[in-house]
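This briefing introduces the structure shown below to a reader new to it. It treats the cysteines and the metal site in turn.

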Amino acid sequence: MPAAPKLVVLLVVDQMRGDYVDKFLGQWSAGLKRLVEEGAWFRDAAYPYAATETCVGHATISTGAFPATHGMVANAWWDRQDKKMVTCTEDPHPGVKNIGYAGATPKGADTAWRMAVPSFAEELKFQTSGGTRIVTSGHRANAATWFDGGAWVTSSAYGTQPFIEEQAKSHPAKADFGKTWSLALPASAYWYDEKSLGAVPPEGWDLTFPHLLGGKTGADDTFYEQWASSPYADTALTELAEKAVDALDLGKTPGTDFLAVSYSSVDYVGHEFGPRSREIQDILVRLDQDLGKLFAHLDQKVGRGNYVVALSADHGVAPIPEDMQSTGADAGVVHLPELEERIEKALEPFSYQKPAVAQTRGSDVYFAPGVYDKLRQDPVAFDSVRDAVLAQPGVAAVYRAEELRDRPATDSPAQRAMAYSYFPGRSGDLFILPKPYWLMDGTPLGTRRSYGAGHSEPYNYNQHVPVLLMGFGIQPGQYFEPITPADIAPTFAALCGITLASRDGHVLGQALKKPFVPAQPMRPKSTSPVASSP
Ligand SMILES: [Zn+2]
């Protein structure tokens, strides 16, 4: 066995809840099943922090740190200086811009420059000298691409790759125009009613199978939304990952290469149809097939046992509130515009500027400049605001920034979760904790919600995700210790013999083969004289 894996593969399934493995494992026959049977299955893995969102989860998995350390506190936050919302990947540096493959002309400029600590992949490249190649999106990658507005896109910060151009031209998404998504299994195999309650399907689809990828006027935005919400998107991504392995000869250098693939369709489908839907069950059956093909490709090209795989998710998902309500449970929607109105009204008797709230975003309330400093000296006005917020249906608690800063010791799991998500400058001034099964929603009052299910609140349905490890150095089995997805990067680091600067996670030593021998240095022995210590 080599001293270190030839290739590290990180698979992130967007919005895959931990219990999907428990529920649907019996229906899988390929890649997902293989991860469970040949790998280490951590059955009690959960994010310990509050902000269960895409950008936050990806940053946590790739760095091994929590948002309080890596600074990616949400998909988007209020920029107090520029007085506008910024997305976590938005890069304002002059000269940085997104580049489209196959003639596409994407908008914007996206990189990982806002991430405050390097990713595992960057550390791997920096600390070893084996010519590591990185295929992912991170600070510095050899190849990074994502799908946006009907095309494969990258950033000028990463540059382009001929194999992606080739794939974008030979198998564009629009080649799937006119195809249908039908159930893969007999109807009796599905757990839930055909029409999931409260679902909001993409335009052009109703709540029953089959779903036609027909767009409105051809291969238009409606079609690309349908495509992204279908198994065809995951299949295209799998093909692209296989092309990357071949084109870049991943796993063939003297060092360790890195491949990260993020599957997004489960997230689209989950938001639209909710976790209790045939669509979720079916898209996982399809993903199982895609992952089976990917592993077979890696077995052939890199060699079984020469690569290590981790699969996890960036967050889970809550049931659709209307679906939950139908069981008689206490569930609903915390309307953020209503919350803002309540705060403004509570401050009316006091002399504060209007509006006093600059922005609400998820749990975070950002006040206009100076307002929060004034409120902190003004307990009567502050109590008025807090009481108004607590009077809103679905609100369980309110935290102030001072209660979360510097991760204070606390017995409250909710406060601890909020503190792990707090990053000075980017987080809000006040933080709203909703009750379980209540969804924080920013839809303007009087407008219909554009999605069915959501996530981002600090409850287990959002925090519990799979962590599955397989391959080089991994001891198969089921593990019940509570762990977090931040443990993946430190475990990879241990397998590759490198050190992460700022991590919150731990090495999953229980799942490493015994005796565990740390990786040997990959630098070829130098024949030139080396200065020795006195
Ligand atoms: Zn996500």
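The points that follow are grouped by topic. This is a predicted model, in which local features need pLDDT of at least 70, side-chain atom pairs count only at pLDDT 80 or more, and totals for chains, interfaces and linings use all residues. Residues are numbered from 1 along each chain as its sequence is written, and side-chain values use heavy atoms, with hydrogens and water left out.

**Disulfide**
- The count comes to one disulfide, the term denoting a pair of cysteine sulfur atoms within 2.5 Å.
- C55 and C88 form this bond, with their sulfur atoms 2.1 Å apart.
- C55 belongs to helix α3 (residues 54-63) and C88 to the loop between β4 (84-87) and β5 (98-100), so the pair links distant parts of the chain, 33 residues apart; helices (H or I, at least four residues) and strands (E, at least two) are DSSP runs, numbered from the N terminus.
- The disulfide is right-handed because the torsion about the S-S bond of C55 and C88 is about 115 degrees.

**Cysteine burial**
- C55 is buried at 10% relative accessible area, where buried means under 20%, exposed over 50% and partly exposed in between (1.4 Å probe, protein chains only).
- C88 is also buried, at 7%, as is C496, at 2%.

**Zinc site**
- The protein donors of the zinc ion are D14 (OD), D14 (OD), T54 (OG1), D314 (OD) and H315 (NE2), 2.0 to 2.8 Å from the ion; donors are N, O and S atoms within 2.8 Å of the metal (3.2 Å for Na, K and Ca), and sites may look incomplete because water is not among the atoms.
- T54 lies in helix α3 and D314 in the loop between β12 (307-312) and α11 (321-325), so this pair ties together parts 260 residues apart in sequence.
- T54 is partly exposed at 21% relative accessibility, whereas D314 is buried at 0%.
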